Amino acid sequence: MDLSKYLGLYLSDGREHLGALRAGLSAQTIRPETVNDLFRHAHSVKGMAASMGFGQTAMLAHAMEDLFSAWRQGARPTVTAMASCAQALDSLDAQMDAVAVSGAEASDEQAMQAFAAALKREAEACLPKPTAAAPAVAQPPKSVTPAKEPQQQPSDGAVLPLGGANAPQALVFVSIDPSSALPAARLLVVSQYLEKAFGGCVIEPPLGEIRARNLKRATFRIASTLEIKDKIRPLRELPEVREVVLETNPAGAAGLVSGGLVTHVRLEAKELDDLLSNTASLLHHLTFLESGLSQEERRRHRFWLESHRALLGQLFSQVLQARLVPFSIVTERLARLARDLGAKTGKALRFEVKGADEQVDRALLERLADPLSHLLRNAADHGVESAQERKAAGKPEEGLLELDIQRDGEALLVSVNDDGRGLDAGAIGKVAVERGLISPEEAARLPRERILELITLPAFSTRRNVSEISGRGVGMDVARNAAEALGGHLEMDSQAGKGTRFTLVIPSAATLTQVLVFGWKGSPRFGIPASQVRHIYPLCSHSLSWAGARRCLQDGDTLIPVLPWRLGPVGKDGCGLAVMGPSGERVVLVSEVFDSERVVIHPWGPPLDQIPHWIGGALLSGGETAYIVDGRALARDEGKMNEGEAKDVSTTW
């Protein structure tokens with residue numbers, strides 16, 4: 001049987017279970033219900049991996065399941081057990097990554113066996129040793145009331161004793177998606193949930209038969225009807241559960257009252273991307289249709305046009321909502337990276353996260369993962385001092401790395417903080433002078449904030465030696481470029497001896513961006529994120545003048561430098577678009593400003609993706625394609641532009 005077509009589902013569900021395991025183990029208090037959840041997630045990973053033929057993953061997940069089983073019997077989690085679980089989760093994450101790349105597990109069987117052995121030792125150490133006088137008996141969970149009559153041991157974890165024969169009973173019929181590769185595992189998860197919710201259930205047919213015959217339907221008999229509909233409603237949220245039907249018979253009569261529950265479906269991420277793109281195209285087509293109508297026809301069909309635009313806008317918003325995922329998907333990986341960095345640098349690091357439940361667009365989260373990794377590496381290697389240095393400075397030996405996610409109006413703020421030595425502006429300025437980036441006079445004249453921004457230049461590093469973690473000058477420029485490509489920017493705040501804070505400021509609606517459309521006569525349309533435009537200066541009321549060799553726009557007594565970037569003549573009927581750069585405001589001269597539109601920005605493919613100041617392209621309501629430029633990148637790189645390009649363009653005044 002070819003299982004390769006189920007790899008996507010295996011990775012999606014497996015990472016979801018590993019994320020739940022990591023979240024449960026990071027809780028301040030491990031409660032009994034948390035232990036039950038940990039056991040179920042480990043069991044699910046084991047079952048899925050075994051079904052796919054990934055023996056190492058199944059072996060390690062089984063060892064974790066044994067440890068959690070000991071915890072369920074009353075054993076207390078120890079510090080060493082928690083550390084072993086963290087190492088095991090990192091190893092399982094690595095195996096998932098290997099499967100995603102090659103379709104097979106990594107050849108790391110010896111390490112996996114060592115982790116499994118450590119978990120097994122922890123499980124054996126915390127279990128009570130039976131004695132001849134008093135054999136050890138596992139205590140039932142507190143939520144389950146033991147029956148007075150003798151009970152039969154559940155088979156496969158699926159059959160639990162019910163109440164008396166006269167107890168009211170209910171039947172829950174569950175169907176698993178026909179395409180599921182692991183129907184028995186899915187039905188086992190349903191059984192475990194019902195066991196927890198009602199104190200027991202019977203699965204028919206038995207789980208062994210379901211496995212042998214690869215059945216995708218089962219009946220669950222439970223001995224309680226109290227609030228049953230509310231309790232079984234969460235079943236619809238379980239992976240691959242297609243249908244849930246309830247039949248109750250509280251009085252034992254022949255008539256049964258039945259009801260169905262609405263279930264959910266699982267979509268590939270690419271399908272959501274296509275749905276978003278198609279919805280945006282429908283909005284564009286509607287606007288294009290309206291632009292071709294006469295004024296009389298627009299008035300006649302106004303209700304139809306407005307109602308369809310409202311419906312399509314609602315559909316667009318719903319698709320955007322469906323694409324939202326919790327930031328914790330990335331934070332779990334960053335926590336693993338922080339532990340690795342601590343081991344490689346020999347530093348004691350504590351990683352904390354605030355706002356991990358914040359929902360963001362899936363595409364945005366994917367684009368933030370890499371720059372956040374670079375920021376974390378730099379903070380661990382450059383920012384946090386060694387244990388000896390921290391002790392001498394009166395700091396705790398354990399260094400703090402913090403990821404903070406929060407909203408500020410329309411912006412998403414993602415910060416990486418450390419409590420280390422801070423940025424050394426003097427060292428940064430010295431390296432910049434040595435490399436010819438600035439002159440000694442400029443280094444003495446520039447404010448500290450401007451000096452600090454030099455670390456975002458490509459290949460800039462104050463490190464003399466290259467290590468495995470940093471020293472190549474890669475990191476800060478990646479973070480800055482990622483923020484600016486999303487229409488945002490990178491902020492930094494550092495205090496000597498107290499630490500550094502890097503903040504990615506990203507427009508929250510990065511998928512649907514408001515852009516200002518402009519151009520020059522005879523040129524294509526261009527766009528710039530509206531959040532980057534601080535002011536529009538009509539040239540009919542603001543004059544241009546020269547300040548030395550620099551052309552400037554005059555706003556009262558203020559002279560604003562003009563960027564040497566334009567593709568056509570600009571006259572008195574043109575405008576100046578003011579954008580903010582590292583050294584203050586800069587002006588882009590354009591001959592026409594058309595409108596402001598909400599568009600979906602599509603990244604360019606090669607070779608256009610090599611142009612440093614272009615974010616991507618967008619389809620405008622009139623049918624034209626607009627080239628979306630990054631105003632902040634233009635202002636930042638003004639020194640690299642060839643001013644001869646601007647002088648070659650005929651300018652009319």
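Modeller: A charge is said to sit over a ring if NZ of Lys or CZ of Arg is within 6 Å of the ring centre and within 35 degrees of the ring normal. With this predicted model in view, the charged end of Arg72 sits over the ring of Phe39, at 4.2 Å from the ring's centre.

Colleague: Which ring does the charged end of Arg525 sit over, and at what distance from its centre?

Modeller: The ring is that of Phe594, and the charged end of Arg525 is placed 3.6 Å from its centre, where the cut-off for the distance is 6 Å.

Colleague: What makes the contact of Asp90 with Arg22 a salt bridge?

Modeller: The closest N and O atoms of Asp90 and Arg22 are 3.4 Å apart, and a salt bridge requires such atoms to be within 4 Å, so the pair qualifies. The two residues belong to distant parts of the chain, Asp90 to helix α4 (residues 79–102) and Arg22 to helix α1 (residues 7–25), with their positions 68 residues apart in the numbering. Both Asp90 and Arg22 are buried.

Colleague: How do you know that Glu296 and Arg299 form a salt bridge, and why is Glu296 called partly exposed?

Modeller: For Glu296 and Arg299 the closest N and O atoms are 2.7 Å apart, and the limit is 4 Å, so this pair counts as well. Glu296 has a relative accessibility of 43%, and because partly exposed covers what lies between under 20% and over 50%, that is the term for Glu296. Arg299, at 54%, is over 50% and therefore counts as exposed. Both residues lie in helix α10 (residues 295–300), three residues apart, about one turn of the helix.

Colleague: What makes Asp573, which meets Lys521 in a salt bridge, an exposed residue?

Modeller: The relative accessible area of Asp573 is 56%, and exposed means over 50%, so Asp573 is exposed. Its salt bridge with Lys521 has an N to O distance of 3.7 Å. In the whole structure there are 25 salt bridges, and Arg15, Asp97, Arg333 and Arg336 are linked in a network of them.

Colleague: Why is the pair of Phe68 and Trp71 called tilted?

Modeller: The ring centres of Phe68 and Trp71 are 5.3 Å apart and their planes stand at 55 degrees; because stacked needs under 30 degrees and edge-to-face over 60, the pair is tilted. Phe68 and Trp71 are three residues apart in helix α3 (residues 55–72), about one helical turn. With relative accessibilities of 0% for Phe68 and 5% for Trp71, each is under 20% and therefore buried.

Colleague: What makes the pair of Phe518 and Trp520 edge-to-face?

Modeller: Their planes are at 85 degrees, which is over 60, so the pair is edge-to-face, with the ring centres 5.7 Å apart. Phe518 is buried at a relative accessible area of 2%, and Trp520 is buried at 1%. Ring pairs also link Phe518 and Trp520 into a cluster with Phe526, Trp565, Trp614 and Tyr627, and a search of the whole structure finds ten aromatic pairs.

Colleague: Which residues of the largest nonpolar core touch the most other members?

Modeller: Of its 43 residues, those are Phe327, Leu368, Leu372, Leu376, Leu403, Val414 and Leu504. Helix α13 (residues 362–383) gives the largest share of this core, eight residues. Leaving aside residues up to four places away in sequence, Leu372 touches Phe327, Val330, Leu334, Leu403, Val414, Val416 and Leu504.

How values were computed
Residues are numbered from 1 along each chain as its sequence is written. This is a predicted model: local features need pLDDT of at least 70, side-chain atom pairs count only at pLDDT 80 or more; totals for chains, interfaces and linings use all residues. Side-chain values use heavy atoms; hydrogens and water are left out. A salt bridge is a side-chain nitrogen of Lys or Arg within 4 Å of a carboxyl oxygen of Asp or Glu. Helices (H or I, at least four residues) and strands (E, at least two) are DSSP runs, numbered from the N terminus. Buried means under 20% relative accessible area, exposed over 50%, partly exposed in between (1.4 Å probe, protein chains only). A nonpolar core is a set of buried Ala, Val, Leu, Ile, Met, Phe, Trp, Tyr and Cys residues joined through side-chain atoms within 4.5 Å. Contact means heavy atoms within 4.5 Å. Rings of Phe, Tyr and Trp (its six-membered ring) pair if their centres lie within 6.5 Å; planes under 30 degrees apart count as stacked, over 60 as edge-to-face and the rest as tilted.
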